[in-house]
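Here's a quick briefing to keep beside the viewer while you click around. Have a look at the model first, then work through the notes by topic.

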Amino acid sequence: MPARDGLPHDAARNRARVNILGLVYTSHDSGLALLSDGKPNVILEEERFNRIKHTLKYPRMALDTVFGPGGFMRLDDIDVITCPWNMKRIRRALLGAVFSQVPASLNLLRHEAHRTHTIGLLNVPNRLKLGLWHQFGLRRLPPIVQVGHHESHAAVFFVSPFEEATVLVADGYGDDGATSAWTGRGNRLQRRWSDPMFDSLGMLYTCVSEHLGFPYFQEGTVMALAAMGGPTYKDKFSELIRLLPQGRIEVNKELINYPTHGLIEPFKPRFYEVFGPRRKSNEPLTAHHHDIAWALQHWTEEALLHMTRELYRVHKSKNLVISGGVALNCVANARILRETDFERVWVPPVASDTGVCFGSALYHWHQTLGNKRDFELTHAFYGKAYSDQEIVQALNEAGLAYERMEEGALLKRVAQDLADMKIVGWFQGRAEIGPRALGNRSILSSATTNKMKDLINARIKHREAFRPFAPVVLIERLEEFFEYAHPDPFMTVAPMIRKDKVAQIPAAAHVDGTGRIQTIDRKANPRYYGVIEEYAKLTGIPVILNTSFNRQEPVVNGPAEAISCYLRTDMDRLVLGDYYIMDRNEAAISRAFQKFKKAA
Ligand SMILES: [Fe+2]
């Protein structure tokens with residue numbers, strides 16, 4: 001029987017801390033978030049462990065990290081488990097869609113129609129129970145609380161810098177809608193409106209991206225591609241997204257097919273008549289594809305501007321929080337900040353479904369239990385850390401020579417490497433949460449020559465040449481280089497680089513003159529800040545390039561993966577904590593390739 005605050009008796013009575021475990025399973029980006037007395041303790045994505053991007057699998061390895069033999073907590077210490085889906089709503093929505101236009105809509109029962117979740121999504125609590133019993137043995141489990149999907153996205157407001165804000169959630173689909181608007185004040189969130197599931201900017205972006213030959217979760221690539229295009233399809237594309245009164249939108253069902261066929265056949269014949277056939281991924285990208293990407297990006301931005309202008313008019317807050325997968329669109333975010341009356345826009349590092357485990361726990365802590373707010377998310381370093389012993393063991397196993405350095409000397413050495421145009425793998429402390437590397441699992445390089453983009457692509461990343469690399473800038477010198485005046489530690493907006501500065505950091509500039517910045521302050525990450533500070537002393541430039549530490553795989557998590565990536569690519573230097581590595585001996589490289597091939 002629940003005691004005060006809806007917590008089990010023993011939790012309320014016997015323990016100083018209240019532990020809420022948010023879990024994602026059966027939908028993409030599975031993982032966990034542990035909230036202790038309302039503060040994030042650890043947030044882990046399963047993909048970092050099982051090495052499958054956007055994995056749907058049960059988060060066994062993430063759970064094992066916390067509750068397994070080497071973990072730091074017992075499952076019995078958890079008071080409540082939260083899941084970011086409301087079963088009643090998701091069953092009604094999905095089954096309603098399946099039976100809405102029989103027989104065509106029965107296609108939605110096929111797995112290929114919805115690759116981002118399994119059928120288990122209709123029964124998450126029981127799937128979680130079975131998984132936990134299987135992993136940890138039969139036992140009494142904490143209650144599993146269902147929090148709505150958009151509630152879970154919106155709840156990042158509780159760790160935002162704002163006492164009050166308007167909150168916009170936009171993703172592929174939640175359990176009862178695709179876009180929703182909220183107002184947040186103190187420890188309360190109130191939903192203002194919600195647009196239906198198939199009037200989804202996220203789904204449209206995904207489906208047009210697939211039409212352009214980019215697989216699921218490559219929407220960021222299409223956003224970059226858009227900058228290469230022009231307005232050829234501007235008017236034709238406007239038929240797809242209708243801007244309705246009161247800041248609402250509608251997707252034109254005469255052109256889309258995904259309400260009945262999902263991703264199997266997302267468009268109706270008329271779409272192909274206007275926009276041509278689907279591009280196969282191995283076919284060349286032409287101006288035609290650039291222009292479709294341009295139109296998609298343009299109308300996504302216009303739709304978001306339409307919504308946010310009206311939200312400002314009605315609710316008057318100067319602060320906007322954006323969450324959901326669409327919030328990863330940093331070009332749109334920059335336009336919202338530039339072209340609406342919102343003075344501050346905040347996007348969490350876990351805007352996509354990487355953050356709904358965290359959000360569901362936050363929602364329960366604040367909205368359901370009524371606890372006050374006393375925590376702001378100022379950095380993203382809540383992933384797993386590795387000890388010096390684990391680093392040394394991994395280096396020895398790889399057969400690499402290394403040098404342990406004192407911090408001051410290490411920062412100076414790495415800054416000199418960057419000034420000498422070396423590419424450095426940089427692995428420090430706890431991993432970042434969310435899809436972006438923000439300075440603890442990053443590849444760093446100078447931005448002073450355009451050639452650096454080609455070099456990183458040729459030697460490390462092997463990705464499309466048109467995709468930009470992101471600059472990181474010391475917060476104190478932000479306005480000197482960018483047309484932007486707010487901290488953005490999570491790389492969520494793409495402002496213009498000042499025209500007179502582009503020549504100093506050409507590798508940071510996208511074709512449209514923007515740069516997806518990350519600002520860094522000393523307090524959030526002293527070591528990362530320190531490297532750039534030392535580099536600025538050498539070169540006068542407080543900006544370097546930061547790209548994620550990986551090569552067409554999930555971002556590295558532990559030292560062994562970092563070493564493998566360093567050896568399988570052509571990085572010049574590797575830094576693991578205090579350890580500096582420049583050894584690239586042939587035997588170690590060969591072993592790294594063999595091991596990686598075997599694991600694949
Ligand atoms: Fe979502």
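Start with Asn 19, whose bridge partner in strand 2 is Ser 36. That pair belongs to the antiparallel match of strand 1 (residues 19–24) with strand 2 (residues 31–36), which runs over six bridges. Bear in mind as you read that this is a predicted model.

**The five-strand sheet**

- Strands 1 and 2 sit in an open sheet of five strands, ordered 3-2-1-4-5, and its pairing is mixed.
- Strand 3 (39–45) and strand 5 (144–146) are the edge strands; each has a single partner strand, so one side of each has no neighbour in the sheet.
- On average, neighbouring strands here are turned by 20° against each other, direction ignored.
- Helix 3 (residues 60–67) lies across strand 2 and strand 3, and runs at about 30° to strand 2.
- As background, strands of a sheet pair through backbone hydrogen bonds, in either a parallel or an antiparallel way.

**The eight-strand sheet**

- There's also an open sheet of eight strands, in the order 13-20-19-14-15-18-16-17, again with mixed pairing.
- Its edges are strand 13 (403–404) and strand 17 (518–520); each has a single partner strand, so one side of each is left without a neighbour in the sheet.
- Further in, strand 14 (residues 424–427) and strand 19 (residues 573–576) pair in the parallel sense, over four bridges.
- If you want a spot to zoom in on, Gly 425 stands opposite Leu 574 of strand 19.

**A hairpin**

- Strand 7 pairs with strand 8 (residues 188–195) in the antiparallel sense, over seven bridges.
- Across that pairing, Thr 183 faces Gln 190 in strand 8.
- The two strands make a hairpin with two residues between them, and Gly 186 in the turn has a positive phi of about 55°.

**Helix 7, a covered helix**

- How many residues of helix 7 (residues 201–211) are buried? The count is 11 of its 11 residues, so to speak a mostly covered helix.
- The buried residues include Leu 201, Met 203, Tyr 205, Cys 207, Glu 210 and His 211.
- What covers the buried residues of helix 7? The cover includes strand 6 (164–170), strand 7 (179–185), helix 8 (219–226), strand 10 (249–251), helix 10 (258–261) and helix 12 (287–315).
- Strand 7 of the hairpin is thus one of the elements in that cover.
- Helix 7 is followed by Gly 213, whose phi is positive, near 95°.

**Val 102, out in a loop**

- Val 102 lies in the loop between helix 4 (87–98) and helix 5 (124–136).
- Is Val 102 buried or exposed? Val 102 counts as exposed, because it has 9 C-beta neighbours inside 10 Å, and the cut-off for exposed is 12 or fewer.
- Val 102 and Thr 260 are 158 residues apart in sequence, yet their C-alpha atoms are 8.6 Å apart in space.

**The whole chain**

- Zooming out, the protein chain has 21 helices and 20 strands.
- Its radius of gyration is 24 Å, close to the 25 Å that the globule rule gives for 600 residues, so the chain is as compact as a globular protein of that length.
- Along the principal axes, the C-alpha atoms fill a box of roughly 65 × 65 × 50 Å.
- Of the 600 residues, 52% count as buried.
- Among contacts between residues at least 6 apart in sequence, 72% join residues at least 24 apart.

Key:
Residues are numbered from 1 along each chain as its sequence is written. This is a predicted model: local features need pLDDT of at least 70, side-chain atom pairs count only at pLDDT 80 or more; totals for chains, interfaces and linings use all residues. Two strands pair if DSSP finds at least two bridges between them. A residue is buried if 20 or more other C-beta atoms lie within 10 Å of its own, exposed if 12 or fewer, and partly exposed in between; C-beta atoms are placed from the backbone. Two residues are in contact if their C-beta atoms, placed from the backbone, lie within 7 Å. The radius of gyration is taken over C-alpha atoms; the globule rule is 2.2 Å times the number of residues to the power 0.38. Axes are lines fitted to C-alpha atoms, for helices over the stretch in contact, and angles run from 0 to 180 degrees between N-to-C directions.
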